[in-house]
Number of protein chains: 2
Amino acid sequence: MDETEDNRAPSSRRRLQRLAAHLETLSLPPEAQLIRSYCSKIAVSKSDDYTVLGEYLAGAYKLERDKIFQFFRQNPSLQTPVEIGKDEHRQLAMRQLLALVRKGGIRPLRYLLEEPAKYFAVAEAVGTVDISLGIKLGVQFSLWGGTVMNLGTKRHRDAYFEGIDNIDFPGCFAMTELHHGSNVQGIQTTATFDRLHQEFVINTPNEGATKWWIGNAAVHGKFATVFARLKLSSPNSHIDVDMGVHAFIVPIRHLEDHSVMPGVEIRDCGYKVGLNGVDNGALRFHGVRIPRENLLNRFGDVLENGEYSSDLPTVSKRFAATLGELVGGRVGLAHGSVGVLKTAATIAIRYSLLRQQFGPPNQPEVSILDYQSQQQKLMPMLASAYAFHFSAQYLVKRYGEMKLTQDDEIIADVHALSAGLKSYITSYTAKALSICRESCGGHGYAAVNRFGSLRNDHDIFQTFEGDNTVLLQQVAGDLLKQYKRKFEGGALTVTWTYLRESMSTYLSQTNPVITHRDGEGHLRDPTFQLEAFQYRTAKLLHTAALRLRKHSKQLGSFGAWNRCLNHLLTLAESHIESVILSKFVDAVKSCENAEARVVLKLLCDLYALERIWEDIGTYRNEDYVATNKAKAIHRLVENLCFEIRGVAGKLVDAFGIPDYMLRAPIGLQSGQYSEYVHYIGF
Amino acid sequence: MDETEDNRAPSSRRRLQRLAAHLETLSLPPEAQLIRSYCSKIAVSKSDDYTVLGEYLAGAYKLERDKIFQFFRQNPSLQTPVEIGKDEHRQLAMRQLLALVRKGGIRPLRYLLEEPAKYFAVAEAVGTVDISLGIKLGVQFSLWGGTVMNLGTKRHRDAYFEGIDNIDFPGCFAMTELHHGSNVQGIQTTATFDRLHQEFVINTPNEGATKWWIGNAAVHGKFATVFARLKLSSPNSHIDVDMGVHAFIVPIRHLEDHSVMPGVEIRDCGYKVGLNGVDNGALRFHGVRIPRENLLNRFGDVLENGEYSSDLPTVSKRFAATLGELVGGRVGLAHGSVGVLKTAATIAIRYSLLRQQFGPPNQPEVSILDYQSQQQKLMPMLASAYAFHFSAQYLVKRYGEMKLTQDDEIIADVHALSAGLKSYITSYTAKALSICRESCGGHGYAAVNRFGSLRNDHDIFQTFEGDNTVLLQQVAGDLLKQYKRKFEGGALTVTWTYLRESMSTYLSQTNPVITHRDGEGHLRDPTFQLEAFQYRTAKLLHTAALRLRKHSKQLGSFGAWNRCLNHLLTLAESHIESVILSKFVDAVKSCENAEARVVLKLLCDLYALERIWEDIGTYRNEDYVATNKAKAIHRLVENLCFEIRGVAGKLVDAFGIPDYMLRAPIGLQSGQYSEYVHYIGF
């Protein structure tokens, strides 16, 4: 697998010599000999500029991405300045979006419906331009457009497709209320059917029911998909029957003069921590009347006579189907978050290679990435960015299959997978952005170097489209359902099938020989790594099920769940890590270029072993890993960080973010300091 | 110690009943019985409104703090708005500072010199108003003022005291260069003595030597303390002799018309991640001439004849003495960072008590602070805020003693202690601010609720006045020196004396009975907790010394240090945690009010046990803690979080931040939602 050819270019020869000299200076411990041999092979491989790896990562939509990057490159007036006030930023984001669609020829709504993977690639690229723009695009096409197209029927598609597609109809997604975000079933806005006029009457019954954080509402929106409790009059009673949460198209501003519609009250949610290019507003409805046809009626309809009709038998099934159509937003956030992580890691790693500080007595200063502490901050992050990349690709692929087949098993799988990956990746990236800033010291604090806006804009990825803590609980709940199924002999959805085997492994005794094995070959064997991850998940699942059963007798199911909540969240994270690792292992195997495969394997090993080391307490407590093995894992993690440092510059190059999109002077491919000095006017 | 009187007010009786009902609902495990009894006592204690605890925390400078708060309350035009651009913010910060000194009667320079503890209390209060203002104040008085007063001699104090004190002379601290931050000895700006004219000539020899990030330079500064390599001509050679880094007073703008001085080039470092009220600039010097008297000559002087004179024998001793005077900045940042943590924790905890989401079937929703996951996010943070408070108080006290006595042992102690606490506390607070935002969901993302600006402004606390990673290495270096001393029989400075005993404990075998003891009484015994912390430090220190000795043969001292760097950083953190815990244990003991003491003990136990649990892998790997004990610690941490949740509102009240200073609508003491709704214009 590591065969190399000897047609070295002179530049790569020099690079090899430098690398060799570097390795000598820092004199490796014996256990790193094997890895060192890999590294020298990388340095002389054909894929010297990492285009092979770059192409392997870029996937099918590279051209689409480059088209977007070029569009903004050629339109400097559409680029977001480093400092920009809220109001100006909102106008700019709208101009950017309109230009992209009307001049750039990008049609996100079509992609969303016809080729979701292309939509997500476009959204990620647009987020690289400005995260506000990415979210503005998501609000218009995925949230507003997505609800009309997916929760509505032909009459809605016919009436709204063109206007949404070309942004003549800018719209909002009005679900969240002041008092209810995560608990969507608790929202209180009402839509009461008036049979006489064949209309729904939308009302905000109290302060807490004010729609809040509604993107596009403060300034640009003309419509909103309003989520409200459907109220139907009952023939036998004066009290309306609550049919549960449904979605309605409500015009909020006039199409022509943009004045606010009668009965609608709009306020500006104001300045935010980030994403100030998106105009979030608050909405109240005072007897706002909309035609009966404005109910998005795919999963439930109200007939002219006021009767309710649905193919789905219960309120909760209809609610699940309605929310189920929103899963695309999570896929987009997971995918987009990986893009943010790549951008930040590129800047931090390039600067850490450039920046020199201190050194051995009477010798030149060394790059700060030569410090073990800096490697520990940034190399596992680089490995994670690669790991997440392959998982997000997998998620997008599964989402496409789901939209194509509408297969129930795939639907369930994509729901849990998107909840888990959105939660895990965005939480990781949020922390990583702080680490990047801090690891770049003072120069990381210059706004032009971007960590501030990336962090502030990305921050809310952890909250919207499902709070991460809530989403992880959905994953845990799903795992427990799968666990129950397993013991009832039913089928497991694809992503969880590993549980069957690992559960048996868990239920047997740990093997004391394996517990003590600490050779590098064993630790770098994907079989060991995957088993360790899956063992932990299976163990946590089994004990969670036992604890829940025990506590629910006394505390009820809600109380028991809460008593085990930390345990359940750990279980969910552990499961997602298992999925991520297994997709990474697959990606290593599927990489046809031998040199690229060697580097990916290094990253995959670091991802796996660093995760195990981070949770070594659990492994030790279960005696799954003996002390000697724990220490060997720790040493190997440090050695892998050191090895990857040697090729880190190339690995971020492979993310393929051009300098004019990266923008941060300290993160450019060359001339960093002089660009930085130039930026402030010298 | 837990005697209570039965003169309950009706309101506290109701609160007790509610608390009891709450405790029943969630039905405690048996091991929490003891704690429950504490809680019910707290609820009925005389110190029901926690004024006792609040007073215990507030310390000696409560009046000074309240004076500052009131001053800004009465001057609304001086309050920082939620959204403000860079240029406007800079002007506002200057207006705030001038008003504080000239109208508010606050004289920070005097306090700094005469009563440092008062200075730090004032700086923290000012930081509560606006962190930018706190830093602007620190630049003017502690950095610019501090260098003139502490590195200069009488002639400088006579000439500059008044102007600095009343801000007629706004000034800068020009140490950092584009290429050198942490490695101050690597700076390249030169100050060459011209004997003929009795002047120093200041030069920026290359791009990398550009002074960078200089606070007050872009707009307001008239002077700068410039750190430069002193160059003296040698009688025997044409080449000037480099005498090392010295500090010089350099006028950068005219006192009258504020025009830039000839030969000085100033640029604006521009928009930053945060602290945009501070005008950071870049400076270049082209043959700028200053009189000989402008050398700050306390530790080294140049005589008229061009000869160098100093009481200190070597360049490195003079450098150490010069930098040593800057330690006050670190004390201020550690202290200020605790203030930021208290503010953020207050907002997050009050909102988590208010906010309800989900609940048992057919019952009202529960507060999100009732969720185990939310408790896990916020209760250890609350405990840490208390822990850091007492450590910061101790540090300020020691700093005062140092300034008074100039005792060498105290100087060494304060240096390591300030480096360690500044690093540890600011790193913790930076992470905590992100957790606070995320734990408050969408409403945490509204700028008015402050997590964004707190995080952005505080972020750089981790970097300036010494990068945290570099400072921790100083702590580790100091510990190794102490370790060497111990084996040579010398004295240990006060803070480290525990090492002597714990080192012996470590060198003996662990006791298998203690390893397995898992009763609550044992785990909550401060002796066990302190021993566990100190054991870990001693163990890490001993093994670090062995590893460094081993590696330095092959790699040299720099290479060996780097090979062990992660280990050394862990050692430093472990040591600081030991110090923090021991100061917390002392503070619990010293609290005279029995009820307040009970609550403090709860917090102290949580701080100690959560830290042990977070690093349980290390304890397990050394078999210091058996599996059963590890699990008991984990259970107790969850139970303590649960217990403290019951009094969390009171515990943040005790921080004593008035609503008009806290400002975040979701963090107010009452009427949070309606204030929030009102804020956006309903």
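What covers the buried residues of α14(A)? Keep that question in mind as you open this structure, which is a predicted model, and begin by selecting residues 451-458 of chain A, the helix called α14.

Seven of the eight residues of this helix are buried, so α14(A) is largely enclosed by the rest of the structure. Colour Phe451(A), Gly452(A), Leu454(A), Arg455(A), Asn456(A), Asp457(A) and His458(A), which are the buried ones. Now show what lies over them: the cover includes α8 (131-151), α11 (327-354) and α13 (408-439) of chain A, together with α14 (451-458) of chain B.

Next, stay with α8(A) and turn to the cavities, of which the structure holds 13 with a volume of 30 Å³ or more. The largest cavity contains about 100 Å³ of space, and to find its centre you can select Ser142(A), Gly146(A), Asn150(A), Glu325(A) and Tyr399(A), the closest to that centre among the 13 residues of the lining. With five residues, α8(A) gives the most to this lining, which by class is made up of five nonpolar, six polar and two charged residues.

Finally, colour chain A by its domain assignment, which gives domain 1 (173-321), domain 2 (326-466 + 648-682) and domain 3 (469-646). The C-alpha centres of domain 1 and domain 2 of chain A lie 37 Å apart, and the contact takes six residues from domain 1 of chain A and seven residues from domain 2 of chain A. Between them these two domains of chain A bury about 480 Å², 66% of it on carbon and sulfur atoms. Select Phe173(A), Val273(A) and Leu275(A) last, since these three supply 69% of the area that domain 1 of chain A buries against domain 2 of chain A.

Definitions and conventions: Residues are numbered from 1 along each chain as its sequence is written. Chains are lettered from A and ligands numbered from 1 in the order in which they are written. This is a predicted model: local features need pLDDT of at least 70, side-chain atom pairs count only at pLDDT 80 or more; totals for chains, interfaces and linings use all residues. Side-chain values use heavy atoms; hydrogens and water are left out. Buried means under 20% relative accessible area, exposed over 50%, partly exposed in between (1.4 Å probe, protein chains only). Helices (H or I, at least four residues) and strands (E, at least two) are DSSP runs, numbered from the N terminus. Contact means heavy atoms within 4.5 Å. On a 1 Å grid over the protein atoms alone, a cavity is a set of points where a 1.4 Å probe fits but cannot get out, and a pocket is an open set with protein on both sides within 12 Å along at least five of seven lines; lining residues have an atom within 4 Å of a point. Grid points are joined across faces, edges and corners, and a volume is the space filled by probe spheres set on the points. Ala, Val, Leu, Ile, Met, Phe, Trp, Tyr, Cys and Pro count as nonpolar, Asp, Glu, Lys and Arg as charged, and the others, Gly among them, as polar. Domain bounds come from an automatic or database domain assignment. Buried area is the accessible area (1.4 Å probe) that two parts lose on being put together, summed over both.
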